[in-house]
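Biologist: Got a minute to walk me through this one? I'd like to start with the strands.

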Amino acid sequence: MSNHIVPYKGSSDLLNHIPTDAQLLVIGTSPGGCDVARLASAAGLKRVTLVSRNGRLPKVQPFKRDLSLETEVETRIRSLEARAQLQPTGKISLSEVLNEFLDLVNAIAPDFSWEEFLNASPDAIQELENDVQVARRSGANWQKIMLPLGVRTPRIWRLLSDEDRHQFRQKYESCWITHRHGMPLRTAEQILEMLKSGFMRIGALRGTVSERAGIFSVPVCLRPGELQIVEATHVVVATGPNYQCTSESENPLIREIARSGFTESHPLGGFNLEPNSFRLKGRPRVYCIGAMTRGVEFYINAMPVLLQQSTEIVHDLFRRLR
Ligand SMILES: Cc1cc2nc3c(=O)[nH]c(=O)nc-3n(C[C@H](O)[C@H](O)[C@H](O)COP(=O)(O)OP(=O)(O)OC[C@H]3O[C@@H](n4cnc5c(N)ncnc54)[C@H](O)[C@@H]3O)c2cc1C
């Protein structure tokens, strides 16, 4: 990897070595990408461009815990679990799950439809401005269902077949991340300021990044209908943790585990696990957690779900030690 391409790992000294006249391209528009924009501003850079598949910023999450919504979400998940139990496979279809929650979304936003929502390519500044206004007023947006859904996501994931899981990842994951990993109002206001001043640009990728004579370039849609080639001298990759646990991994520990045949990699990421557990396949005395469970689990990059995984591991250990 060129030393002008660096991965974002959450450290604040990421841009220390980058000259202030650098043109910075950030791959990733989720909280990690936004954090790089903030670092770029603090480091005195003149401009930063953030790009991703859908070119959407995280939503604003000003809302507090809503107990009645939490009860509603829990009831619906129990109903899905009960329906799955009646099936010989123990699974239910993705469309059944989506309809269950569309119903709940429509109770808050009657005109909402998945298709319209997924095909929309809104102007990032306008969308954020609107989100900030809604958040300042009340925060009563349909997106508030993402809060109670968060820690319950692994339960829903277990009800889906591998095929449906794959479909969800292809079609809905990017939008799910945008809504699930929202940002606080204060951060959103800072981002809006950076966008309005022209310091920060955001766009949807329309091709791959190429490099020639030290200049990176990539086709990006910066505003609906406007395609532009963005050029950069430096690139930060902020696309989240690397889920691939294979012999090609950059992490020496993961690479060694995969190469030695100690356990097997999962085709959808992470390592394979023993059924309904966090034990490594064929290595029942070794547990794994977080990014390494990505193939079997889905939602693995937030503290509450990691806490849940650790609790399950501790319970399993105690059961076995008794
Ligand atoms: C900008 C940003 C904002 C976020 N905000 C939130 C939030 O508000 N709420 C929330 O719940 N989550 C948030 N997250 C996500 C949260 O930080 C992650 O889900 C969490 O840190 C993942 O924890 P982890 O222990 O699985 O992995 P990590 O935090 O990545 O820890 C892995 C550790 O393993 C070490 N390691 C790696 N390889 C080796 C090796 N070979 N040998 C020894 N050690 C090794 C690493 O150095 C690191 O210390 C945010 C993430 C980002 C980037």
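Modeller: One rule before the strands: two strands pair if DSSP finds at least two bridges between them. By that rule β2 pairs with strand β8 (residues 234-237), in the parallel sense, over four bridges. Keep in mind that this is a predicted model.

Biologist: Which residue in β8 is the bridge partner of L24?

Modeller: H234 is the partner of L24 there.

Biologist: And how many bridges join β2 to β3?

Modeller: Four, and β2 and strand β3 (residues 48-52) run parallel. V26 has L50 as its bridge partner in β3. Between the two strands the chain passes through α1, and that β-α-β crossover is right-handed.

Biologist: Which way do the side chains of β2 point?

Modeller: L24 and V26 point one way, L25 and I27 the other. All of these are buried.

Biologist: Why the split?

Modeller: Because side chains in a regular strand alternate between the two faces of the sheet.

Biologist: New topic. What surrounds the ligand?

Modeller: A shell of 14 residues. The closest are L253, G290, N301, A302 and M303.

Biologist: Which helices supply at least two residues each of that shell?

Modeller: α1 (31-42), α11 (252-260) and α12 (303-321). The α1 helix is also the one in the crossover from β2 to β3.

Biologist: How do the shell residues divide into nonpolar, polar and charged?

Modeller: Eight are nonpolar, five are polar and one is charged.

Biologist: Where does the ligand shell lie with respect to the domains?

Modeller: Domain 1 (5-58 + 185-237) gives residues to the shell, and domain 3 (252-321) does too, so the ligand lies between them.

Biologist: What's the full domain list?

Modeller: The domain assignment gives domain 1 (5-58 + 185-237), domain 2 (67-180) and domain 3 (252-321).

Biologist: How far apart are the C-alpha centres of domain 1 and domain 2?

Modeller: They lie 28 Å apart. As for contacts, 18 residues of domain 1 touch 14 residues of domain 2.

Biologist: On the domain 1 side, which elements supply at least two residues each?

Modeller: α10 (185-196) and β4 (200-205). The largest share of that side comes from α10, with seven residues.

Biologist: And what is the chemistry of that side, nonpolar, polar or charged?

Modeller: It divides into 10 nonpolar, three polar and five charged residues.

Biologist: You mentioned β4. Which strand does β4 join?

Modeller: Strand β6 (residues 215-223), through two bridges, and they run antiparallel. A204 stands opposite C221 in β6.

Biologist: What else is joined to β6?

Modeller: Strand β5 (residues 210-212), by three bridges, also antiparallel. E211 has F216 as its bridge partner in β6. Then there is strand β7 (residues 226-232), joined to β6 by seven bridges and antiparallel as well. In that pair V218 stands opposite V230.

Biologist: Any odd backbone angles in the turns?

Modeller: Here are two positive phi values. β5 and β6 form a hairpin with two residues between them, and A213 in the turn has a positive phi of about 50 degrees. The hairpin of β6 and β7 also has two residues between the strands, and G225 there takes a positive phi near 85 degrees.

Biologist: Good. Remind me what to look at around the ligand.

Modeller: Take the closest residues, L253, G290, N301, A302 and M303. Then look at α1, α11 and α12, which each supply at least two shell residues.

Terms used
Residues numbered from 1 in each chain as written. Predicted model: local features only at pLDDT ≥ 70, side-chain atom pairs only at ≥ 80, totals over all residues. Near = placed C-beta within 6 Å. Nonpolar A, V, L, I, M, F, W, Y, C, P; charged D, E, K, R; others polar. Domains from an automatic or database assignment. Buried ≥ 20, exposed ≤ 12 C-beta atoms within 10 Å, placed from the backbone. Right-handed = clockwise from strand over helix to strand, strands pointing away. Contact = placed C-beta atoms within 7 Å.
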